[in-house]
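User: I have a structure open and would like to go through it with you. Could you take it piece by piece and spell out your cut-offs as you go?

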Amino acid sequence: MVHRAQARTVLTDRLAAAGSTWTVEEFAGRSLLAAGTGAMIAVPAAALLGPALIMLAPLGALVGSRLPGIGLARRARRRTARVDAQVPELVELLVAATESGLPPPAAFVRSADALLAPLGDELRDAAARIQLGEPWRDTLDRVVKRTGSPGLAMLARSLQRSHRLGASARGALHALVDELRAERRARAEERARRAPVKMLFPLVFLILPAFLLLTVGPVLLSTVRSLH
């Protein structure tokens, strides 16, 4: 029973990270439907290929039941990456809002209106909770848990540390902005270093053969004609 409750919690978090509106029961129903579809596809294939391959039916059911989970995990990874890419913009907005004199709860509410989906949607929902009286630190923790964003988790830890130590949130945000800029610069430099390696495959297998065909081909053709 405890294992089932833990599995339900994990699935609920994964659905939230993917931005899905499905419930756990709806996802389970779709997985069951996909398993049945996989079995229905595998049975005729086994009948055509031979009765000995009837084991394809449970294999098809297993593969079908896994497909919704694989798709959900892929959606969650893409959405988390998009949220993580918006965190520097959020921090910049929070810096501007706090420098204008707004406290962190009001700064979050103002920043949420300026951000696009998916982080903007999450923060607008969080802003509604803050306006209803929920502590902004708990609300931010909830958003971090829903999105699974490392950058957002870093922001939450920084703000909570400054609040615990009685320091200014403005100083913590400035330090975080510098850290995120350095991290973004490091990622850009890493992508630039990896670009030649990624270009190697199309260069060797696509561009180089075409170049050889256009340059060496006519020479070989004229040589063969001269020999005849």
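**Salt bridges, cavities and surface**

Analyst: Arg 79, Glu 122 and Arg 146 are joined in a network of salt bridges, a salt bridge being a side-chain nitrogen of Lys or Arg within 4 Å of a carboxyl oxygen of Asp or Glu. This is a predicted model, in which local features need pLDDT of at least 70 and side-chain atom pairs count only at pLDDT 80 or more, while totals for chains, interfaces and linings use all residues. Residues are numbered from 1 along each chain as its sequence is written, and side-chain values use heavy atoms, with hydrogens and water left out.

User: How many salt bridges does a search of the whole structure find?

Analyst: The search finds seven salt bridges. Side chains of opposite charge can pair when their charged atoms come close. Among them is the pair Glu 183 and Arg 187, at 3.1 Å from N to O, and these two are separated by about one helical turn because they lie four residues apart in helix 8. Helices here are DSSP runs (H or I, at least four residues), numbered from the N terminus.

User: And Glu 190, what does it pair with?

Analyst: Glu 190 forms a salt bridge with Arg 194, with the closest N and O atoms 3.6 Å apart, and this pair, too, is four residues apart in helix 8, so about one helical turn separates the partners. Another salt bridge joins the side chains of Glu 134 and Arg 142, at 3.3 Å from N to O.

User: Is Arg 142 buried or exposed?

Analyst: Arg 142 falls in between: its relative accessible area is 37%, so it counts as partly exposed, given that buried means under 20%, exposed over 50% and partly exposed in between (1.4 Å probe, protein chains only). Glu 190 is partly exposed at 36%, and Arg 194 is partly exposed at 42%.

User: Switching topic, how many cavities of 30 Å³ or more are there?

Analyst: There are two cavities of 30 Å³ or more. A cavity is a set of points on a 1 Å grid over the protein atoms alone where a 1.4 Å probe fits but cannot get out, and lining residues have an atom within 4 Å of a point; a volume is the space filled by probe spheres set on the points, which are joined across faces, edges and corners. The largest has a volume of about 50 Å³, and its lining includes Phe 108, Leu 123, Trp 136 and Thr 139. Helix 5 (119-131) and helix 6 (136-147) are the elements that give two or more residues to that lining.

User: Which residues line the second largest one?

Analyst: The second largest cavity, with a volume of about 40 Å³, is lined by Pro 88, Val 91, Glu 92, Val 177, Leu 180, Arg 181 and Arg 184. Helix 8 gives the most, with four residues.

User: How do the two linings divide by residue type?

Analyst: The largest cavity's lining has eight nonpolar residues, one polar and no charged, whereas the second largest has four nonpolar, no polar and three charged. Here Ala, Val, Leu, Ile, Met, Phe, Trp, Tyr, Cys and Pro count as nonpolar, Asp, Glu, Lys and Arg as charged, and the others, Gly among them, as polar.

User: Last one, where is Ala 35?

Analyst: Ala 35 is in helix 2 (residues 24-49), and it is buried, with a relative accessible area of 13%. The C-alpha atoms of Ala 35 and Thr 223 are separated by 62 Å, the two residues being 188 apart along the chain.

How values were computed:
1 Å grid on protein atoms, 1.4 Å probe; cavity = no way out; pocket = protein on both sides within 12 Å on 5 of 7 lines; lining within 4 Å.
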